[in-house]
Amino acid sequence: GTMPMADITGGVAFDTGGRGDGTFNDSAGVGADRAVEELGMDITELEANVDEDREANLRLLAEDGRNVIVGVGFMFTDPMAAVAAEYPDITFGIVDSVVDAPNVRSLVFAEHEGSFLVGAAAALKCGCDKIGFIGGQEIDLIKKFEAGYTAGAKYINPDITV
């Protein structure tokens with residue numbers, strides 16, 4: 001069922017860097033600000049400083065009675081799976097990852113689609129046969145960005161090397 005907006009208390013668990021870091025943290029911060037301003041929601045925010053803070057912050061928000069809690073970033077995957085299992089009456093959201101639980105909403109994106117366009121633009125702009133791709137980490141998420149980028153570049157120039 002749904003509850004009246006006035007009865008929803010939110011919690012945002014930012015990853016390291018927090019507000020102002022130019023990542024999903026900032027986008028989540030904008031969403032939290034809008035929920036406060038436009039919906040009158042009561043929101044508590046916590047920021048992770050070290051890896052262990054992610055689970056601890058989710059747990060603190062749950063114990064504080066927050067009934068909608070968002071973990072910002074894929075690094076919350078395992079901590080959220082653990083905490084969500086302990087608090088089945090709380091709705092959780094995770095950005096950029098999937099947690100398969102009845103009370104977790106996974107907020108994922110089609111990264112490869114935007115990256116396809118970037119790769120196509122790079123191939124068009126350079127007019128050459130070799131371009132580069134640099135990912136922040138060697139993880140599945142970044143490999144999806146790379147695959148889209150490469151496919152876009154090769155769509156423009158089948159002989160290009162990435």
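**Pockets and helix packing**

In this predicted model, the lining of the second largest pocket is a mixed bag: six nonpolar residues, five polar and four charged. That pocket holds about 280 Å³ of space. Its lining runs to 15 residues, and Asp15, Thr23, Phe24, Gly73 and Phe74 sit nearest the centre. Two elements, helix 1 and helix 5 (140-156), each give two or more residues to this lining.

The largest pocket comes next, with about 400 Å³ of space. It is lined by 20 residues, and Val12, Ala28, Gly31, Ala32 and Val70 are the ones closest to its centre. Strand 1 (9-14), helix 1 (24-39) and strand 3 (68-71) are the elements that put two or more residues into the lining of this pocket. Helix 1 has the largest share there, with seven residues. As for chemistry, the lining of the largest pocket counts 16 nonpolar residues and four polar ones, with no charged residues at all. Helix 1 thus turns up in the lining of the largest pocket and again in that of the second largest.

Now for how the helices pack. Helix 4 (residues 111-126) and helix 5 have their axes 6 Å apart and meet at an angle of about 40°. An angle of that size makes helix 4 oblique to helix 5, and the crossing of the two is right-handed. On the helix 4 side, the contact takes in Glu111, His112, Ser115, Phe116, Val118, Gly119, Ala120, Ala122, Ala123 and Leu124. Facing them from helix 5 are Leu141, Lys144, Phe145, Gly148, Tyr149, Ala151, Gly152, Ala153, Tyr155 and Ile156. Sorted by class, the contact of helix 4 with helix 5 comes out at 13 nonpolar, five polar and two charged residues. Helix 5, then, packs on helix 4 and also lends residues to the lining of the second largest pocket.

The other pair is helix 2 (residues 53-63) with helix 3 (residues 77-86), whose axes lie 9 Å apart at an angle of about 25°. With that angle, helix 2 counts as roughly parallel to helix 3. Here too the crossing is right-handed. From helix 2, Arg54, Glu55, Leu58 and Arg59 make the contact, and they meet Pro79, Met80, Ala82, Val83 and Glu86 of helix 3. This contact splits into five nonpolar and four charged residues, with no polar ones.

Definitions and conventions:
Residues numbered from 1 in each chain as written. Predicted model: local features only at pLDDT ≥ 70, side-chain atom pairs only at ≥ 80, totals over all residues. Heavy atoms only, no water. 1 Å grid on protein atoms, 1.4 Å probe; cavity = no way out; pocket = protein on both sides within 12 Å on 5 of 7 lines; lining within 4 Å. Points joined across faces, edges and corners; volume = space filled by probe spheres on them. Helix = DSSP H or I, 4+ residues; strand = E, 2+ residues; numbered from the N terminus. Nonpolar A, V, L, I, M, F, W, Y, C, P; charged D, E, K, R; others polar. Axes fitted to C-alpha atoms, helices over the stretch in contact; angles between N-to-C directions. Parallel < 35°, antiparallel > 145°, perpendicular 65-115°, else oblique. Left-handed = near helix turned anticlockwise from the far one by under 90°. Contact = heavy atoms within 4.5 Å.
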